[in-house]
Amino acid sequence: MDITLKNVTKSYGDLTVLRQFNHTFREGETTCIMGPSGCGKTTLLRLLMGLEKPDEGEILGLSGLRMGAVFQEYRLCENLNAISNVRMVCSHALPKERITQALTQVGITDSLYKPVRDYSGGMKRRVAIVRAVLSDPEICFLDEPFEGLDEATRSVVGSWLYRQLSGKTVLMVSHDEEDALRMDASVFRLDQDI
Amino acid sequence: MRRSTTADNRKDGKRFTVRKGTAAKAGTGFRVWAIVFWLVVWQLTSMALGQEILLVSPVSVLLRLGTLIRTLAFWHAVSFSFIRIVGGFVLALLAGVLFAALSFCFSWFRELLHPLMAVIKATPVASFIILCLVWIPSRGLSVFISFLMVLPIIYTNVLEGIHHTDRQLLEMAEIFRVRGLRRIRYIYFSQVMPYFRSACGVSLGLCWKSGIAAEVIGMPDGSIGDMLYQAKIYLDTPDLFAWTFVIILVSVLFGKVFMKLLDTAIHAIERS
């Protein structure tokens, strides 16, 4: 089912971030939301994830959907290791080997049992990406998913993520057009479309 | 090369590193020379006074202790007090965590407990002991008093820990539908544990102090408190010092073993 925002308005105090916003995101497509800083990209994502309620308007097509997300700030449990962080959101039936395999595929091979607080930013980002994918989401939200990764790692992780999320509804926020190309995403420019 | 150990007892759950030897340098650890110095001062003061009834010498205390540990009554008293005081401590841990969880879930429960916890924290322990003697047999008094002293500390800290759980992690859990036991196991456990651990550290000493005070006033037969009281009325200063030394030793040993077991359990759960 498509996700439709109808006349959505969202303000924080006197600052109106989205005003009478209308848009439809197609089911099964990857959309990259782009725009200058402060234009409301993250607010839009938070509204879609249900973390914020619109002041006015409505969002249709999301109820009951299994969601996955990669947040800008990782949002990992720092005391837990990479496997536990991923296992937390997965089905009980998912074998541990599948988690290990996925982490290895994105380049995390030798620190699987270390607490993630000992990881670099790039490693944390990759754990967060694997967590989002293995939660088996029907819709996946990616907020600057490749931030902090070097070019070579972006390429490896980007193509892995593209393969894993192929055919699913993906909404991505990024500043980098390369990210949109990497994910074969249609670009939606928030500043121009409001 | 200096070795370093790590611990997870900062309240924000982040790691900090303790280098061996830095505690002593910072003035918080013990140095052998300092202990020897104060033992010598004690011995010389005792010799100068020349009256063991006023100040017994460390040598006499050690000799008395050597005699005591060879008696069955000694081990009976230690086990009697240990079981009761530790029993009260463990019950307070269980009740404190349960009450904190209920207070987090139901605001009416938190409001109901608030005055009770405030009264327990503000009331002098001696008042409680005397009051409780009216209701509780002296044999069970130390269980109740150590429970009562530890309960508000555990309750307050665990509740604070739950309230300070990272909101971003809770949002993440909401999106990924991590709920129920999984949320407790993965999110709340690691967020609350530093608060729980810190509360345990504070409570361990307090439960022994209050428990022994209850025994001294209640005088249950065959307890450490009873032994202390007997030493006091017969002006048996070596016994008084020897039993005090035993209390400190058992309290510190139990504290160390408990915290070690707690840390091992926390690490095992987090690494599982």
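**Entry 1: charges over rings**

I began with Arg185(B). Arg185(B) lies over the face of Tyr186(B), 4.4 Å from the ring centre. I note here that the model is predicted. I then looked in chain A and found Arg182(A) over the face of Phe146(A). There the distance to the ring centre is 5.8 Å.

**Entry 2: aromatic pairs**

I searched the whole structure for aromatic pairs. The search gave 15 over all chains. I picked out Trp42(B) and Phe241(B), whose ring centres are 5.6 Å apart. Is this pair stacked, edge-to-face or tilted? The planes stand at 35 degrees, so the pair is tilted. Stacked would need planes under 30 degrees apart, and edge-to-face over 60.

I checked where the two rings sit in the chain. Trp42(B) belongs to helix α2 (residues 32-49) of chain B, and Phe241(B) to helix α11 (residues 237-271) of chain B. The pair links distant parts of the chain, 199 residues apart. I looked up exposure too. Trp42(B) is partly exposed, at 24% relative accessible area. Phe241(B) is partly exposed as well, at 28%.

Next I took Trp108(B) and Phe109(B). Their aromatic pair is edge-to-face, with 85 degrees between the planes and 5.8 Å centre to centre. Which of these residues is buried, and which is exposed? Trp108(B) is exposed, with a relative accessible area of 54%. Phe109(B) is buried, with 13%. The cut-offs are over 50% for exposed and under 20% for buried.

I also found a cluster in chain B. Ring pairs link Phe82(B), Phe89(B), Trp208(B), Phe254(B) and Phe258(B).

**Entry 3: the parallel sheet of chain A**

I moved on to the strands. In chain A, I traced an open sheet of five strands with parallel pairing. What is the order of its strands? I read β5-β6-β7-β3-β8. The edge strands are β5 (67-70) and β8 (186-189) of chain A, and each pairs on one side only. On average, neighbouring strands of this sheet are turned by 20 degrees against each other, direction ignored.

I followed one pairing in detail. Strand β3 (residues 30-34) of chain A pairs with β8(A) in the parallel sense, over four bridges. The bridge partner of Ile33(A) in β8(A) is Phe188(A).

A helix lies over part of this sheet. Helix α4 (residues 121-134) of chain A lies across β5 and β6 (139-143) of chain A. This helix runs at about 170 degrees to β5(A).

**Entry 4: the antiparallel sheet of chain A**

I traced another open sheet in chain A. This sheet has three strands, in the order β2-β1-β4, with antiparallel pairing. At the edges I found β2 (15-25) and β4 (56-60) of chain A. Neighbouring strands here are turned by 20 degrees on average, direction ignored.

How many bridges join β1 to β2(A)? I found seven between strand β1 (residues 3-12) of chain A and β2(A), which run antiparallel. Ile3(A) has Phe25(A) as its bridge partner in β2(A). Helix α1 (residues 41-49) of chain A lies across β1, β2 and β4 of chain A. I noted its direction: about 120 degrees to β1(A).

**Entry 5: where the chains meet**

Last, I looked at the contact between the chains. It takes 31 residues from chain A and 19 residues from chain B. Chain A and chain B bury about 2,300 Å² between them. Carbon and sulfur atoms carry 53% of that area. Which residues of chain A lose the most area to chain B? They are Arg75(A), Asn79(A) and Met88(A), together 28% of what that side buries.

Methods: Residues numbered from 1 in each chain as written. Chains lettered and ligands numbered in written order. Predicted model: local features only at pLDDT ≥ 70, side-chain atom pairs only at ≥ 80, totals over all residues. Heavy atoms only, no water. Phe/Tyr/Trp six-rings, centres within 6.5 Å; stacked < 30°, edge-to-face > 60°. Helix = DSSP H or I, 4+ residues; strand = E, 2+ residues; numbered from the N terminus. Buried < 20%, exposed > 50% of the residue type's maximum accessible area, 1.4 Å probe, protein only. Lys NZ or Arg CZ within 6 Å of the ring centre and 35° of its normal. Pairing = 2+ DSSP bridges. Axes fitted to C-alpha atoms, helices over the stretch in contact; angles between N-to-C directions. Contact = heavy atoms within 4.5 Å. Buried area = accessible area lost by both parts, 1.4 Å probe.
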